[in-house]
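Good morning, and thank you for the time. I would like to take you through one chain, beginning with its overall dimensions.

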Amino acid sequence: LSADSGILLEVAKTAASLEKRSLQMKKAFQAKKRSYEKRLKAFRILVSASATKSNKDALQREENYFNKLWQKRSKQFAKMSSAVDAISDKDPKVLFGFVRA
């Protein structure tokens, strides 16, 4: 695959844009994570004060929701990071895919 400078420029722009978006998403997720941690702390205090079934269930639901969200975002961030790395390393498969698209 011959490297055309125009394609490489577009690929570099795409990588920069993807990396910027990834950082924005990570920052937003960290804010959401802090919010959920505060919420979980409040639920834990509530459960320790009044360990009713509904309070325990609410705490469990919140923990499950956050764990699923964390796993989903972690996979998403890993994929974005690997894409940026592949573009930065000028991986021929990525460049070929970019040319075809």
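A compact globule of 101 residues would be expected to show a radius of gyration near 13 Å, whereas this chain has 21 Å; the radius is taken over C-alpha atoms, and the globule rule is 2.2 Å times the number of residues to the power 0.38. Along the principal axes, the C-alpha trace spans about 70 × 20 × 20 Å.

I should state that this is a predicted model, in which local features need pLDDT of at least 70, side-chain atom pairs count only at pLDDT 80 or more, and totals for chains, interfaces and linings use all residues. Residues are numbered from 1 along each chain as its sequence is written, and side-chain values use heavy atoms, with hydrogens and water left out.

The chain contains three helices and zero strands, helices being DSSP runs of H or I of at least four residues and strands runs of E of at least two, numbered from the N terminus.

Of the 101 residues, 21% count as buried, that is, under 20% relative accessible area with a 1.4 Å probe, protein chains only; exposed means over 50%, and partly exposed lies in between.

For contacts (heavy atoms within 4.5 Å), 71% of those between residues at least 6 apart in sequence join residues at least 24 apart.

Finally, one residue. Ser-74 is found in helix H2, residues 53-88. Why does Ser-74 count as partly exposed? Because its relative accessible area is 30%. Ser-74 and Ser-5 are 69 residues apart in sequence and 33 Å apart in space, C-alpha to C-alpha.
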